[in-house]
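Here is a short set of exercises to work through with the model open in your viewer. Try each task before you read its solution.

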Amino acid sequence: MSEHSRYISRTVELANRAMESGNHPFGALLVHNGKVLLEAENTIISENDATRHAELNLVSHASHQLAPDILRECTLYTSTEPCAMCAGAIYWAGIRKVVYGGSAEVLSQIAGPGIGISGQEVFSTCHQSVELIGPVAEELCSEVHLRYWPHPS
């Protein structure tokens, strides 16, 4: 199993935990020099706050706990490609590498359309580059969404 796959597998575990808590199935973690520093899951339903995406929860905690020079060296792993809101927060926090498991395109096929601007599009317009890698585990990451979101018969 590749290094990316190992971390993405953990984000899917976090997504499953979010779903078991009644939230949307998304998870994220922050890695520095091969060590997981922080983990987060989606909490929008349990916190009644539409901004509590897994990545935004992670970025908020990371910004309070870690120095900017450490954040620049971190990789954020997320179960699904970041939305435009999360991509902006990741950029402003100074995180410069993101690896995602499942694509926003496949998520929209499963869950329905969201904002029509992908995280990739947001990162491509940023003054300082953000390296974006993915999808690295599309099938694995789709499974949790297929269990959560209602599908037409």
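**Exercise 1. With which residue does Asp 49 form a salt bridge, and how far apart are the closest N and O atoms?**

Before the solution, a word on the ground rules. This is a predicted model, in which local features need pLDDT of at least 70 and side-chain atom pairs count only at pLDDT 80 or more, while totals for chains, interfaces and linings use all residues. Residues are numbered from 1 along each chain as its sequence is written, and side-chain values use heavy atoms, with hydrogens and water left out.

Step 1. Recall the criterion: a salt bridge needs a side-chain nitrogen of Lys or Arg within 4 Å of a carboxyl oxygen of Asp or Glu.

Step 2. Apply it to Asp 49: the partner is Arg 52, with the closest N and O atoms 3.8 Å apart.

Step 3. Check the surroundings, taking buried as under 20% relative accessible area, exposed as over 50% and partly exposed as in between (1.4 Å probe, protein chains only). Asp 49 is partly exposed at 28%, whereas Arg 52, at 16%, is buried.

**Exercise 2. Which parts of the chain do the salt bridges of Glu 39 and Glu 41 link?**

Step 1. Start from the total, which is four salt bridges in the structure.

Step 2. Take Glu 39, whose side chain meets that of Arg 10 at 2.8 Å, N to O. Glu 39 belongs to strand 2 and Arg 10 to helix 1 (residues 3–20), so this pair ties together parts 29 residues apart in sequence. Helices (H or I, at least four residues) and strands (E, at least two) are DSSP runs, numbered from the N terminus. Both partners are partly exposed: Glu 39 at 33% and Arg 10 at 25%.

Step 3. Turn to Glu 41, which meets Arg 17 in a salt bridge of 2.6 Å, N to O. Here too distant parts are linked, with Glu 41 in strand 2 and Arg 17 in helix 1, 24 residues apart. Glu 41 is buried at 12%, while Arg 17 is partly exposed at 40%.

**Exercise 3. In what order do the strands of the open sheet run, and which are the edge strands?**

Step 1. Use the pairing rule: two strands pair if DSSP finds at least two bridges between them. As background, strands of a sheet pair through backbone hydrogen bonds, either parallel or antiparallel.

Step 2. Read off the order of the five strands, 2-1-3-4-5, with mixed pairing. Strand 2 and strand 5 are the edges, each pairing on one side only.

Step 3. Look at one pair: strand 3 (residues 75–80) and strand 4 (residues 97–102) run in the parallel sense over four bridges. Within this pair, Leu 76 has Val 98 in strand 4 as its bridge partner.

**Exercise 4. Which residues of the largest nonpolar core touch the most other members?**

Step 1. Define the set: a nonpolar core holds buried Ala, Val, Leu, Ile, Met, Phe, Trp, Tyr and Cys residues joined through side-chain atoms within 4.5 Å.

Step 2. Pick out the best-connected of its 30 residues: Leu 30, Leu 58, Val 59, Leu 76, Ile 90, Ile 95 and Phe 123. Helix 4 (84–93) is among the elements that give two or more residues to this core, and helix 4 gives the most, with seven residues.

Step 3. Zoom in on Phe 123, counting contact as heavy atoms within 4.5 Å. Leaving aside neighbours within four places in sequence, Phe 123 is in contact with Ala 87, Ile 90, Tyr 91, Val 98, Val 130 and Leu 132.

**Exercise 5. Where do Asn 33, Asn 48 and Pro 135 lie?**

Step 1. Place Asn 33 in the loop between strand 1 (27–32) and strand 2 (35–41). Its phi is positive, near 50°, in a residue other than glycine, and Asn 33 is exposed at 68%.

Step 2. Place Asn 48 in the loop between strand 2 and helix 2 (54–65). Asn 48 is not a glycine either, yet has a positive phi of about 50°; at 73%, Asn 48 is exposed.

Step 3. Place Pro 135 in the loop between strand 5 (131–133) and helix 7 (138–148). A cis peptide bond, with omega about 0°, joins Gly 134 to Pro 135.
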